[in-house]
Amino acid sequence: MARKDGKGRSAPEREEPTGFRRVLRRIFVWTASLAVVGLLVLAVAVGLTARSLPEFEELKDSQVGQTILVRARDGTELVSIGPSFGHWLSHEQIPQVMRTAMVSVEDRRFRSHPGVDPIGLVRAGYMAVVTGKGLRATSTITQQLARTVFLNNNRSYTRKLREAVLALALEWKFSKDQILELYLNKVYFGGGAYGVDAASRKFFGHPGTEIVLPEAAIIAGLVKAPSHYSPTADTEAAIGRAKVVLSVMKGNGDVTPAQAAAVDFEAIKFAAEKNQNSVRYFTDWALPQLDLLLPDNTQPIEVWTTLDPKMQAAATKAIETNTPKGAQGALVSMDRDGAVLAMVGGTDYVTSNYNRAVNAVRQPGSAWKLFVYLAALEAGYTPNDRVVDEPVTIDGWSPRNSNGAFAGQIDVRTAFAYSKNTVAAQLGNEVGFSAVAAVARRFGISTPISTVPSMVLGSNEVRLIDMTRAFASVAAQGKAIEPYGIVRVATTDGKVLYQRQAKDGTALVSPNVANGMTDLLQSAVATGTGAAAQIGRPVAGKTGTTTSNKDGWFLGFSSGVTTGVWMGRDDSRPVAGLQGGTAPARAFASYMKIAVAGRPVEKFQTEMTAPAWKLDSEDEANFSGSPEDYYYVDENGNLIEPTRGQGGDRPGPDPRDDQVGDPNGTLEPVAPPAAANEDFLNEATGKKSAGGQNRPPQ
């Protein structure tokens, strides 16, 4: 039935929508409703996020990591570890050309979008459909700031959504100028540099306030791939990328064609990269000690170390120049108090950062005889005592001398100077291999020690720094030396967090024994196997060579400086012609000539006074000593530091030390063991032996 209008005329009936149109209408209604709800949810999320964001000043102070500036002994800068932030530059302090270059290449609609670029998203979506390579939207400067400050670099859609919300919140809370200021002071430009000031100082050697157009193009081009385009990594790649940036700036109208044509990238002077090669061996060893020296701290700090730049350069050159081709070399040098003056862990840190000076364990060869002869001197021998260089067999082991010959009757000094293996074996057997091991432990050897007879010739593996420490303790007249590399730590505003206090080392052996050992070491350089280590002033030292020339060592001291050198291959293959008295000794001499050049010549104390138990009654009356002059050992031969007891002069346990061996305070001085048994003395002095044969007279 037809409907009628108000005048009584018939009106056509309205067509009911078809099923398809009804579906489209419902889709549109639901889509619009969901969009409105989504926008409301987004607005609420952005509003809540904006309210939770830190204030502008808080964001300025936030950092992504701790910066450690390492200084040398003289205060000069050695290396900066961790991120470098430079000085904070306000929006007005950042050169206009720098701001323009960054916006032009990274986000040319920065001033118009709300934090997320809708035009960029549409364009990215179109390109994804056309190319079939997926959606690759370019982040805005605000999104990059959100990622830098609050997020990470993973590529998940969840992270991208959070990034977008944060970007909108940042735009809600801060002005465009504030966002650009934060971005240019926080974005990473490579080489550890965060912010334009740090980048300008690192790459061009001047503050960020002095950036000019070609430098701005280079810095702006780094953001895309800092490690690839960094001038310190690839200068040509950096300039090539800068040319692209300049072209974009010209295309966007940010520079005129004439300005772009006037840029000469070849005329740019890049800041010279500081030589951090061998220095990094030292910092890799020293800086982990901060975990023990400092409380938890995330502030930027400055660390004053013991490293001497001149000595480090000399040490590096000595190793590079003298190490045989195909081999590696390492050097450690200490001052008389244990301060590490130079450290080289290999021929090239860039090629191999493995620190052979402190981590590698190698056989020391005859350098180990330091401990054998210390034990013998402790047992009562003197450098002038007679011994016999002859074939010997101990528990089925028969050592031989390097030249295969035997010298017969000689004194201890000569046996040590010419590194007689048979004499070392006899002395080790006489005093006891466990006693030799105990001396080595006492002097700082931290690696496992076997007490088989061959240990006297250096079959145990050791670290170079431990061996150098042992020789330094002899130079200190028998007092323990603790290697250290950090003197002081302070915040950048001058607050001292750590200051090293001088320590008096524990007596490891009596000065008498140390003097005798120094006598032997001096002879080894003056007339023996270490002649190549002579430097025109008194030197005491010892060579070491292992089987088939796999390792070469020289360790010694002069004028208060103790230095150890090792050379060999990492795979322990033989090195032709490598003996401790050749390349290692020459490297030692090359370095030490520079290391001690500014120090007075010092004569060694080598005079030995016979211990009280060997003096006759007349001499004993002239011997003045106290219980504190004795040293004390436990049942394993390990040193126990004596302290004065509460009730008198007899040494007793220190109440501060819960590891003293005798809690009842009854510890008594232990007299040194007998020098030798009767048979050994007869053999050494040429008197009638047990077998009835006479030796030649002394």
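## Exercises on a predicted model

Strand β5 (residues 301–305) and strand β10 (residues 486–491) run antiparallel and are joined by five bridges. Residues are numbered from 1 along each chain as its sequence is written, and side-chain values use heavy atoms, with hydrogens and water left out. The model is a predicted one, in which local features need pLDDT of at least 70 and side-chain atom pairs count only at pLDDT 80 or more, while totals for chains, interfaces and linings use all residues.

**Exercise 1.** Place β5 and β10 in their sheet, and work out which strands stand at the edges.

*Solution.* Begin with the pair itself, in which I301 stands opposite T491 in β10; strands here are DSSP runs (E, at least two residues), helices are runs of H or I with at least four, both numbered from the N terminus, and two strands pair if DSSP finds at least two bridges between them. Next, widen the view to the open sheet of five strands, whose order is β4-β3-β5-β10-β11, with mixed pairing. β4 (77–81) and β11 (496–499) each have a single partner strand, so one side of each is left without a neighbour in the sheet. Finally, add helix α13 (residues 279–286), which packs on the sheet and touches β3 (68–71), β4, β5 and β10, where contact means heavy atoms within 4.5 Å.

**Exercise 2.** Decide whether helix α8 (residues 196–204) is largely enclosed by the rest of the structure, or open to its surroundings.

*Solution.* First list the buried residues (under 20% relative accessible area, against over 50% for exposed and in between for partly exposed, with a 1.4 Å probe and protein chains only); in α8 these are V196, D197, A198, A199, S200, F203 and F204. Seven of the nine residues are thus buried, so the helix is largely enclosed by the rest of the structure. Then look for the partners of these buried residues, which pack against α3 (96–106), α7 and α9 (213–222). Just after α8, G205 takes a positive phi of about 75°.

**Exercise 3.** Describe the surroundings of E607, and state whether E607 is buried or exposed.

*Solution.* Start from the position along the chain, since E607 lies in the loop between α22 (583–595) and α23 (617–620). With a relative accessible area of 65%, E607 is exposed. Leaving aside neighbours within four places in sequence, E607 is nevertheless in contact with N512 and N515. The C-alpha atoms of E607 and G516 are separated by 6.9 Å, although the two residues are 91 residues apart along the chain.

Methods. Axes fitted to C-alpha atoms, helices over the stretch in contact; angles between N-to-C directions.
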